[in-house]
Amino acid sequence: MSRRLHYGPARVPSRESPDAAVEALLERRLSACEIDFEGRFWMDYEFAGAFGRLAAEHDIALSVHAPIAGFMGHAERGKKLNMAVGMLDHSAGIAKEAGAELVVFHPGFLLGRSREDAIDSIVEQLGELRERLEAKDRAVPFGIEVMGRVREIGSIDDVCEIASRLDWVRPVVDFAHMHATSDGAFLGVEPFVDALQRADRVIEPGAPFHIHFSDIQFANRNETKHLPYGEGTLRAEPLREALGRFERPATVISESPTAESTDQIKQILAA
């Protein structure tokens with residue numbers, strides 16, 4: 001039987017081979033992993049297929065994080081948009097080969113536009129991307145991440161609005177980012193519950209929450225860097241309690257900078 005909570009790191013723990021990667025996850029009793037393409041594509045289709053098969057055998061939930069430049073909502077059509085589409089297309093191909101739950105990507109930027117116009121642009125360009133992916137038989141679910149900069153697009157409301165208009169897009173609830181943009185308000189359980197309720201309304205039945213979590217440093221309501229667990233003020237106990245109030249399963253990805261922190265958070269969530 002599949003776990004109700006999958007938990008694991010935001011990076012594949014070994015690039016040596018699929019076997020080494022899965023063995024490293026199992027040694028630490030981790031049950032999820034996000035394939036890390038933020039900087040560059042490093043995994044080919046053969047690696048992805050083997051990694052996905054081994055992960056499925058051990059009930060390890062996989063996801064793919066697309067490159068940072070792979071965002072939608074470009075104000076102008078041209079080279080940058082074409083490059084972003086190519087990145088998301090390739091991410092989807094790897095995700096399908098690996099049997100990943102979804103492709104995580106970042107929303108775009110306001111670029112001098114109103115929030116409404118920027119969201120309309122993101123939705124429009126995602127629709128065009130979807131047509132391309134369907135033609136290639138790689139139309140996997142996508143997850144749009146809550147961001148950590150208060151004056152840019154990417155709030156929980158923004159990503160839920162986008163997800164509500166595209167049935168194949170889900171919000172990726174990043175609690176570190178929301179802790180930063182709220183000036184450290186995620187201390188008790190209720191802010192966690194509220195964010196999950198918003199996401200729950202726009203995710204299709206049966207699909208898991210996809211969550212990013214780590215301790216965080218911030219200034220002026222903007223994230224500055226992820227911290228080892230315990231060095232900031234974000235804690236995992238409220239997340240554990242909040243998840244317990246929902247029937248929906250969850251995949252929680254640790255963006256902590258150290259393996260020790262990832263393991264510490266796992267122990268709290270599993271308690």
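**Helix α2.** I began with helix α2 in this predicted model, which covers residues 45-57, and noted that its 13 residues reach 18 Å from the first C-alpha to the last, close to the 18 Å expected at 1.5 Å a residue. At the N-terminal end I looked for a cap and found Asp 44, with a side-chain oxygen 3.3 Å from the backbone nitrogen of Glu 46. Just past the other end of the helix I noted Asp 59, where phi is positive at about 55°.

I then listed the residues of α2 that are buried, and these are Phe 47, Ala 48, Gly 49, Phe 51, Gly 52, Leu 54 and Ala 55. For their surroundings I looked up the packing partners, which are α1 (18-27), β2, β3 (61-65) and α3 (79-98).

**Asp 36.** Since β2 had come up, I turned to Asp 36, which sits in that strand. Its relative accessible area is 9%, and because the cut-off for buried is under 20%, I entered Asp 36 as buried. I asked myself which backbone nitrogen lies 3.1 Å from a polar atom of the Asp 36 side chain, and the nitrogen turned out to belong to Val 12. Setting aside neighbours within four places in sequence, I recorded contacts of Asp 36 with Ala 10, Arg 11, Val 12, Arg 15, Trp 42 and His 65.

**The sheet.** Next I traced the strand order, which reads β1-β10-β7-β6-β5-β4-β3-β2 in an open sheet of eight strands with parallel pairing. The edges are β1 (5-9) and β2 (32-36), each of which pairs on one side only, and from one strand to the next the twist averages 25°.

I looked more closely at β7 (residues 209-213) and β10 (residues 250-254), which run parallel and are joined by five bridges. Within this pair, His 212 stands opposite Ile 253 of β10.

For the helices on this part of the sheet, I noted that α9 (residues 259-270) packs there, touching β1, β7 and β10, and that its direction makes about 170° with that of β1. Helix α7 (residues 189-202) lies across β6 (169-174) and β7, and runs at about 145° to β7.

**Cysteines.** Last, I checked how many disulfides the structure holds, and the count is zero. I also looked up the accessibility of two cysteines: Cys 33 has a relative accessible area of 0% and is buried, and Cys 160, at 9%, counts as buried too.

How values were computed
Residues are numbered from 1 along each chain as its sequence is written. This is a predicted model: local features need pLDDT of at least 70, side-chain atom pairs count only at pLDDT 80 or more; totals for chains, interfaces and linings use all residues. Side-chain values use heavy atoms; hydrogens and water are left out. Two strands pair if DSSP finds at least two bridges between them. Helices (H or I, at least four residues) and strands (E, at least two) are DSSP runs, numbered from the N terminus. Axes are lines fitted to C-alpha atoms, for helices over the stretch in contact, and angles run from 0 to 180 degrees between N-to-C directions. Contact means heavy atoms within 4.5 Å. The expected span of a helix is 1.5 Å times one less than its number of residues. Buried means under 20% relative accessible area, exposed over 50%, partly exposed in between (1.4 Å probe, protein chains only). A polar contact is a pair of N or O atoms within 3.5 Å; within protein, one must be able to donate a hydrogen and the other to accept it, and residues adjacent in sequence count only if both atoms are side-chain atoms. A disulfide is a pair of cysteine sulfur atoms within 2.5 Å.
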